[in-house]
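Student: I have a structure open and would like to go through it with you before I get back to the bench. Could we take it piece by piece?

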Amino acid sequence: MTLDHLVPESSAGTTAPTSRLVITPLQGIGEVRSGDDLADLIGRACGKYLRSGDILAVTSKVVSKAEGRTMPASARDAAVEQETVRVVASREHPGGTTRIVENRLGIVAAAAGVDSSNTEDGTVLLLPEDPDASARAICRRLKQDFGVDIGVVITDTLGRPWRQGQTDAAIGAAGLTVLLDLRGTPDASGRPMAATVAAVADEIAAAADLVKGKTAGIPVALVRGLDTLVTVGGMDKDPGAKALLRPAAEDMFRRGSAEAFEDGRRSGTKTGYNAGYDDGHAAGYEDGYAAGYAAAAAEARRRARSMGSR
C-alpha cells in the first residue's frame with residue numbers, strides 16, 4: 001500500500017512525519033511455532049530490502065507463538081483469570097459473558113487479550129510475556145544482522161469505547177517514538193496546540209493491519225517513510241509501548257457505567273458514605289449513590305412507620 005500526499009512548498013517545515021508512506025506486507029514467514037527464531041524469520045523475509053528508518057509492524061500472535069504462550073482451549077477461563085488484574089466491565093449475553101479487564105501488562109482488553117483466532121484448534125494464545133522486551137529483542141537482532149537502525153511495533157487488535165469495530169494498536173515497541181508531543185507547536189493557522197499528543201505507534205499499527213489483514217497469514221508489514229520517528233541508539237532507554245497506557249489518576253472512565261452505578265448504589269445503601277468515588281465513573285457512581293441512598297432512606301421510613309403502628 002502506498003499513500004502519496006501532494007505537499008505544497010508552503011508546508012515545508014511542518015510537523016508531519018512524512019509526505020510519502022509505503023507499507024509492504026512481508027511474504028514467506030509461514031507458520032510460527034514455539035521456539036522458532038522469530039527475528040531470523042523476519043530478517044529472511046526482509047532480505048536486502050531492510051534499511052535504516054524502516055519500521056516493522058509485527059502481529060503479537062507470532063510473538064506469542066514463538067515464546068510458547070499457548071494454552072489448551074479448555075483452560076481459557078483459567079488463562080483469562082491468570083492474566084487479569086482488574087475487571088473494568090462485564091456483560092451477560094446469549095453467547096456467554098464478555099469481560100473487559102485490565103491485564104497484567106496494564107492493557108484494557110476483552111478477555112485480557114486471550115484469543116483463539118489464528119491458532120491451532122483446541123488452543124488459545126496469551127499475549128507476549130513482555131511485548132516491549134520482545135520488540136527490543138527483534139530490533140536489536142536485526143540491527144546486528146543488517147547494520148540498520150529500525151523501529152519495531154508489536155501489534156494487537158483492540159476494541160474501542162464509543163465506537164464500533166476493532167483496530168490494531170501498539171502493545172510493544174522499540175527503536176521509535178511512540179508519542180509525538182505537538183503541544184506548543186503552531187497549527188496551520190499559527191495558533192499553538194494545547195493538547196495534541198499523537199499516538200503515532202498506534203497509528204502505525206492500525207495502518208499496517210490494512211496490508212496484513214486477519215485472514216491472509218501475513219504477520220509482519222514493513223513501514224517506510226517515517227524515518228523521523230526512528231531513534232538512533234539508546235534503545236534500552238526507550239519507554240516502549242507502556243508510555244501509551246493512561247495512568248489511573250488520569251482515567252476518567254476507569255469503571256464501566258453499570259459497574260460504577262452498582263458501586264455507588266452499594267455505598268449509598270450501606271453507609272451513605274461516598275467511599276470509592278474516585279475508583280468509578282463519576283456520573284455513574286453519583287447516580288448509583290443517589291439511588292442507593294434513596295432506597296435506604298425509603299426503607300428507614302418504612303421501618304419507622306411499621307414501628308409506630310405497633
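Student: Which helix is aspartate 132 found in?

Tutor: Aspartate 132 is found in helix H4, which covers residues 131-146. Please keep in mind throughout that this is a predicted model.

Student: Is aspartate 132 buried or exposed, and why?

Tutor: Aspartate 132 counts as buried because its relative accessible area is 2%, and the cut-off for buried is under 20%.

Student: Which backbone nitrogen does the side chain of aspartate 132 reach at 2.8 Å?

Tutor: That is the backbone nitrogen of alanine 241. In addition, a polar atom of the aspartate 132 side chain lies 3.4 Å from the backbone nitrogen of lysine 242.

Student: And what is aspartate 132 in contact with, leaving aside its neighbours within four places in sequence?

Tutor: Aspartate 132 is in contact with Ile171, Gly172 and Ala173, and also with Pro239, Gly240, Ala241 and Lys242.

Student: Now aspartate 209, where is its place?

Tutor: Aspartate 209 sits in helix H5, residues 200-212, and because its relative accessibility is 15%, this residue counts as buried. Not counting residues up to four places away in sequence, aspartate 209 touches Asp168 and Lys214.

Student: How many Å separate the C-alpha atoms of aspartate 209 and threonine 157?

Tutor: Those C-alpha atoms are separated by 9.2 Å, with the two residues 52 residues apart along the chain.

Student: Switching to empty space, how many cavities of 30 Å³ or more does the structure hold?

Tutor: The structure holds 2 of them, and the second largest cavity has a volume of about 40 Å³. Its lining consists of Ser60, Lys61, Ser64, Gly113, Asp115, Leu125, Leu126, Leu127 and Asp156.

Student: Where does the largest share of that lining come from, and what is the split by class?

Tutor: Helix H2, residues 60-66, gives the largest share with 3 residues, while by class the lining of the second largest cavity has 3 nonpolar, 3 polar and 3 charged residues.

Student: What about the second largest pocket, how much space lies in there?

Tutor: About 250 Å³ of space lies in the second largest pocket, and the residues lining this pocket include Arg76, Asp77, Glu81 and Arg99. Helix H3 (76-83), strand S5 (84-93) and strand S6 (96-103) each supply at least two residues of that lining, which divides into 5 nonpolar, 3 polar and 4 charged residues.

Student: Backbone next: what is the phi of asparagine 118?

Tutor: Asparagine 118 has a positive phi of about 55° although it is not a glycine. Most residues other than glycine have a negative phi. Asparagine 118 is found in the loop between strand S7 (108-110) and strand S8 (123-125), and it counts as partly exposed because its relative accessible area is 47%.

Student: And tryptophan 162, which loop is it in, and what is its phi?

Tutor: Tryptophan 162 lies in the loop between strand S9 (151-160) and strand S10 (163-174), and its phi is near 75°, again a positive value in a residue other than glycine. At 71% relative accessibility, tryptophan 162 counts as exposed.

Student: To finish, how many helices and strands are there in the chain, and what percentage of its residues count as buried?

Tutor: The chain has 7 helices and 13 strands, and 38% of its 310 residues count as buried. Among contacts in the chain with a separation of 6 or more, 63% are between residues 24 or more positions apart.

Definitions and conventions. Residues numbered from 1 in each chain as written. Predicted model: local features only at pLDDT ≥ 70, side-chain atom pairs only at ≥ 80, totals over all residues. Heavy atoms only, no water. 1 Å grid on protein atoms, 1.4 Å probe; cavity = no way out; pocket = protein on both sides within 12 Å on 5 of 7 lines; lining within 4 Å. Points joined across faces, edges and corners; volume = space filled by probe spheres on them. Helix = DSSP H or I, 4+ residues; strand = E, 2+ residues; numbered from the N terminus. Nonpolar A, V, L, I, M, F, W, Y, C, P; charged D, E, K, R; others polar. Buried < 20%, exposed > 50% of the residue type's maximum accessible area, 1.4 Å probe, protein only. Contact = heavy atoms within 4.5 Å. Polar contact = N/O pair within 3.5 Å; in protein donor to acceptor, adjacent residues only side chain to side chain.
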